[in-house]
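Got your viewer open? Let's take a walk through this one together, one selection at a time.

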Amino acid sequence: MIEKERALRDTLASLGSVVVAYSGGVDSAYLAWVAHDTLGDRALAITADSPSYPQRHRQMAIDVAQRFGLRHEIIRTSELERPEYRANPANRCYYCKHELYTHLTRIAADRQAVVVDGNNADDRGDYRPGRQAAREFGVRS
C-alpha cells in the first residue's frame, strides 16, 4: 500500500464514521471505496438528485456503488429553488455545494459522522467556489 493511501485510511479510521459526498466521479468514487473498505457500515456514500445533476452521472454513481458494494443513498437537493443559484453568477457552484452540504451535515450529525469529499490536489490552484462552502461546513477533503 502506498504511503498516501495509508495516510488516507488512517485519517478515515480516526474519524470513526463518514458521509461521503459522492458524485460518482473518480475522486469521490475512490474516496467512497477506501472509506467503505476502511470503515465498513460506518461509511455512507450520498449522491444528490437534482435537475442540475445529469441523470447519466447519477446512474454512473449508482452503478459504481453497486459494483463495489458501497452503502449508498440518494437525496434530493433543491439548489434550483435558490435565487442566488438561478442568477447564474460566477460562483454558482458555491450555492450548489452549500445546498448539498446543508443536507449532508444534517445526515452526518444524526449518524455522529463527519462529511468528507474527494478533492484532487491538482485542483487547489483553480477557482473553485464550492471549496468555500466545504470550508464553511467543515467538510474534510
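Is Phe137 buried, partly exposed or exposed? Select Phe137 and show the surface while you think about it. This is a predicted model, by the way. The answer: Phe137 is partly exposed, because its relative accessible area is 25%, and the buried class stops at under 20% while the exposed one starts at over 50%.

Now add Tyr101 to your selection. Tyr101 and Phe137 form an aromatic pair of the tilted kind, with 6.3 Å from centre to centre and 50° between the planes. Tyr101 sits in helix H5, whereas Phe137 belongs to the segment after helix H6 (129–136), so the pair ties together parts that are 36 residues apart in sequence. Unlike its partly exposed partner, Tyr101 is buried, with a relative accessible area of 2%.

The structure holds three aromatic pairs. For another of them, select Tyr94 and Tyr95: this pair is edge-to-face, with centres 5.1 Å apart and 85° between the planes. Both of these tyrosines are buried.

Next, colour helix H5, which covers residues 92–111, and pick out Glu99 in it. Would you call Glu99 buried or exposed? Glu99 counts as buried, because its relative accessibility is 11%. Leaving out residues up to four places away in sequence, Glu99 touches Thr77, Ser78, Glu79 and Arg82.

Time to move to helix H3 (residues 55–68), where you'll find Ala65. With just 2% relative accessibility, Ala65 counts as buried too. Which residues does Ala65 contact, once neighbours within four places in sequence are set aside? Show Tyr22, Leu70 and His72 to see them. Then try a distance label between the C-alpha atoms of Ala65 and Trp33: they are 8.4 Å apart, though the two residues are 32 positions from each other along the chain.

Finally, zoom out and switch to cartoon view. You should find six helices and four strands, and walking from the N terminus the order is α-β-α-β-α-β-α-α-β-α. The C-alpha atoms fill a box of roughly 45 × 30 × 30 Å along the principal axes. How does the radius of gyration fit a compact globule? For 141 residues such a globule would have a value near 14 Å, and the chain has 15 Å, which agrees. Of those 141 residues, 40% are buried. And among contacts with a separation of 6 or more, 69% are between residues 24 or more positions apart.

Conventions. Residues numbered from 1 in each chain as written. Predicted model: local features only at pLDDT ≥ 70, side-chain atom pairs only at ≥ 80, totals over all residues. Heavy atoms only, no water. Helix = DSSP H or I, 4+ residues; strand = E, 2+ residues; numbered from the N terminus. Rg over C-alpha atoms; globule rule 2.2 N^0.38 Å. Buried < 20%, exposed > 50% of the residue type's maximum accessible area, 1.4 Å probe, protein only. Contact = heavy atoms within 4.5 Å. Phe/Tyr/Trp six-rings, centres within 6.5 Å; stacked < 30°, edge-to-face > 60°.
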